[in-house]
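Open the model in your viewer and keep the selection tool at hand. Each stop below says what to select and what is there.

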Amino acid sequence: MSRINQLRAEFLNPGREYTPIPFWFWNDLLTPEEIIRQIADFAEKGVLGFVIHPRIGLPPELEFLSPRYLDLMEVAIKEAERRGMVVFLYDEAMYPSGSAHGRVVAANPEFACRGIRVLEYPLATVMDISNVLEQIKMEISGNGRGGRVVSLQVVKKRSATAIEPSTLQVFDLLGANVEQKLDNYYLLALVEEAAGGTIRGIHFGEDDHEAGAPLYADILNPAAVQEFINQVYETYYERFKQYFGRTIRAIFTDEPKPLGRNSPSIYRPWTKDFLSYLKANGFAEEKLPLLWYDGGPETSAIRQEFARLVNQRLAEAYYQPLAAWCAAHQVALTGHPAEADQIGLLDYFHIPGQDVVLNRIAPGQAGALEGRESTQAKCSADAARYRRKRRNANECFGGYGWRLTMAEMKWILDWLFVRGVNLIIPHAFYYSLAPPRERERPPDVGPHNLWWPHYRLLATYIKRLCWLLTGSVNQARAAVLCAEDDLSWAIAKPLFQHQLEFNYLPVELFLADSCSVKHGWLEIEAQQYRLLILDHTVALTEVVRQKLAAFREGGGHVLYYAAGRSALPSVPAAMPVVRNEEELVRAVQRVVGYTLKFTPHCPELRVTHLQKEGVDFYLLVNEGETALSGTVEFDRAFRLEKWAPWTGKVTTPVGVPTEGKPEKKTYSIRLGRRESLILLAHQDREAEVFAADLPPESWREIGQQPLTGWRAEGFPVPVRPADYFRSWPEIEGLKGFSGTVSYKTKFSLTTLPDRLLLDCGEVYDFIEVKINGRSAGVRFWPPFTFELGAELRTGLNELELQVTNTLACRYEKKPYRSGLLGPVVLRFLTKGESDA
């Protein structure tokens, strides 16, 4: 078989490896029978894996890691193995990870998460330090948090929130008389104590701010983390060791954060002997007060350095031991850190991940291109590419609410795919929606949603794009240098909008021996970069300057982006500085060119160029709300194929010679609102040739026929025919209705037309069309237009439109537009030029 034919076959029917692997919320009384039934339902819809995720709503008698709970886990794992499915285990009950549902602290109260806070005492007169210490002791002993003073410092305050750093003086805790000071001098006591952080638990009464919320553990303390491993990981392995590396493929750790949830904002992360750790890493004790007070221009840098050292300790105490344990037990560590741009912490994940949740990324919102959340998909994808990690994941859709539609889910998925994510973990499939579970981080994007009968369409779409993005190498020729916890979205935004592909490159990896300069290129793993771009988020240390200079001297290019900044760091004279988006785009285009030049310019278009098994693929995504039409150019030696990942349709675009470029061909490309497509460029003359992709103007409309004579079935109350095409919540008795209504009518054809389209007009939210009992397809987004063909017959035809709205009407009790608003018409077309 031709290699192109083989790749096409793999795309159309991707392997089981590329399945979505949803969070499966175990949130009610569980039975073996229902577990097995739900797994069968997953498999029937093309979902061939799941994450067992204990969730709030489990009854108290079903305790996390109890024998009965583990028995039920084994039921699920056995059934998954029987069906050839994969299972990820979840390491907490519920999140953030590290507590073992409070078991770590229960084993040793000293393992509770620790924080440091500051107390201040005015020094207007001579004081005996011992009196102050006694006052401090009384204050911290009265709260039951086991506090102790780790540092005493004197400083002059400029205001309630600002200090003069030059006046900071550390005092010996053994005590001495404090010399008389002028007004506005204060004694600062930095106190370490239990911070009171918690997790969201799995039983009612254990959620945020509730009395039963389990205490969080000190995940900066290696001993506490070892207790966590013993409680959870070793328990899992002892019970399920025969499945490890086979059915059980990974363990998911979820946004561990040193202070847990709901710790008072007065605290900064801490652990036992952390001051010694900070000093050993070059962080002076005198800098600590600047974690609370403004000390001038250096304050931000000091806080960033503290955060970096906290993450460094977190990596050493938490991520490294977990990763080592997983590797030793033949499973992958997956999940995600607490923040969207912590690319450095992703080094320790075998499957790096992030999470698109809580409406942070959505159509039409600035957050898709601006702010730290906008960097998260590239964060996980780029972390994977430099560490030879085949997959990177995203936990997506959590907390978007019941108004989330299939169309919006696909938009979010495309946002992830075009940035390189290739493993999808939908949040979530709910075991139960028994009240009040429907209010816990909805929606259920799986079995309890109204689109579930059609979920195989989405599962197949996910598999196809994950197949394309796995084992392929993006052809970005520009890299954006970044810190371990700060990815510049300001650089990324105009590059995305002008189809200039890039990857983030952490400074730590840039400086590593594995990143080398060769003949004007920067090479690291499979990536080759001609251009490096950086801005104020990257510290221009001497070692960074030296390697940048070596890259420039070797023929490479470097740009410094300084938009909106009047003061710059000491940028080397040989490094060009660009000060606005237009200059940046021109400079990048001159060096590396467009990933795919689309004419005219469309800022809503995203493109990634991939090579998979030596073949060039281009994934195009329209992130906008209107259709895009334009042209692209390819070398005339290439044959072009157009793959539609949602439908699986393969066509051959028709190219024409490019004016003034005899070696090129120009192709017309159209992407509908929020549409994606794949272009494949190859020179395989043995590959199958598909039908030409004819432009819309190849057809001429010759008539329309409005459809009448409707009847409707499925309304829970009687509805007059005059109201059929009104929004359902406007109809008496339907304000909270969510469900499916069938609209039926008949029409006659004397002859079969060349082409017949059914235009359903406005639909909320999705529609399936049946002609003479046969499905003509499902549409989840406009235009709600269907091609009618093989289902038609001469004479009388029976038409059924099954329209389904959103569960938000039921669960949010809001009058969202729902139903079939129409108008519904038949459009008759014939070949030839359009009258327009």
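**Stop 1: glycine 398**

Select glycine 398, which counts as buried at 3% relative accessibility. Buried means under 20% relative accessible area, exposed means over 50%, and partly exposed lies in between, with a 1.4 Å probe and protein chains only. This is a predicted model, where local features need pLDDT of at least 70 and side-chain atom pairs count only at pLDDT 80 or more, while totals for chains, interfaces and linings use all residues. Residues are numbered from 1 along each chain as its sequence is written, and side-chain values use heavy atoms, with hydrogens and water left out.

Glycine 398 lies in the loop between β14 (393–396) and α10 (406–417). Helices (H or I, at least four residues) and strands (E, at least two) are DSSP runs, numbered from the N terminus. Now show the contacts of glycine 398: Val356, Val357, Leu358, His427 and Pro442, leaving aside neighbours within four places in sequence. Contact means heavy atoms within 4.5 Å. Then pick threonine 599. Its C-alpha atom is 37 Å from that of glycine 398, and the two are 201 residues apart along the chain.

**Stop 2: two more loop residues**

Select arginine 387, in the loop between α9 (376–386) and β14. Is arginine 387 buried or exposed? Neither: arginine 387 is partly exposed, with a relative accessible area of 32%. Arginine 387 touches Asp347 and Leu509, not counting residues up to four places away in sequence. Alanine 644 is 257 residues away from arginine 387 in sequence and 31 Å away in space, C-alpha to C-alpha.

Go next to glutamate 438. Look for it in the loop between β16 (429–430) and α11 (455–469). Glutamate 438 is buried, with a relative accessible area of 11%. Its contacts are Trp402, Leu433 and Tyr811, not counting residues up to four places away in sequence.

**Stop 3: strand β23 and its partners**

Select β23, residues 531–534. What covers its faces? Leu531 and Ile533 are buried on one side, and Leu532 and Leu534 are buried on the other.

Add β18 (residues 478–482), which pairs with β23 in the parallel sense over three bridges. Two strands pair if DSSP finds at least two bridges between them. Valine 480 stands opposite isoleucine 533. Add β24 (residues 557–561) too. It runs parallel to β23, and four bridges join them. Leucine 531 has histidine 557 in β24 as its bridge partner.

Now add helix α14 (residues 542–553), which makes a right-handed β-α-β unit with β23 and β24. Right-handed here means that, with the strands pointing away from the viewer, the path from the first strand over the helix to the second runs clockwise.

**Stop 4: a three-stranded sheet**

Select β20, β21 and β22. They form an open sheet in the order β20-β21-β22, with antiparallel pairing. β20 (516–518) and β22 (527–529) stand at the edges with a single partner strand each, so one side of each has no neighbour in the sheet. β21 (residues 521–524) and β22 share three bridges. Zoom in on glutamate 523: its bridge partner in β22 is glutamine 528.

**Stop 5: a seven-stranded sheet**

This open sheet has the order β17-β26-β27-β33-β29-β30-β34, with mixed pairing. At its edges are β17 (472–474) and β34 (692–693). Select β29 (residues 639–643) and β33 (residues 676–682), which run antiparallel and are joined by five bridges. Leucine 640 stands opposite alanine 681 in β33.

**Stop 6: helix pairs**

Two packed helices are described by the angle between their axes and the distance between the axes. Select α2 (residues 32–44) and α3 (residues 67–83): their axes come within 10 Å and cross at roughly 30 degrees. Axes are lines fitted to C-alpha atoms, for helices over the stretch in contact, and angles run from 0 to 180 degrees between N-to-C directions. On the α2 side, the contact includes Ile35, Ile36 and Ile39. On the α3 side, Leu72 and Val75 are among the residues met.

Finish with α12 (residues 489–497) and α15 (residues 581–592). They pack at an angle of about 65 degrees, with axes 10 Å apart. Ile491 and Leu495 are among the α12 residues in this contact, and α15 brings Glu581, Leu584, Val585 and Val588.
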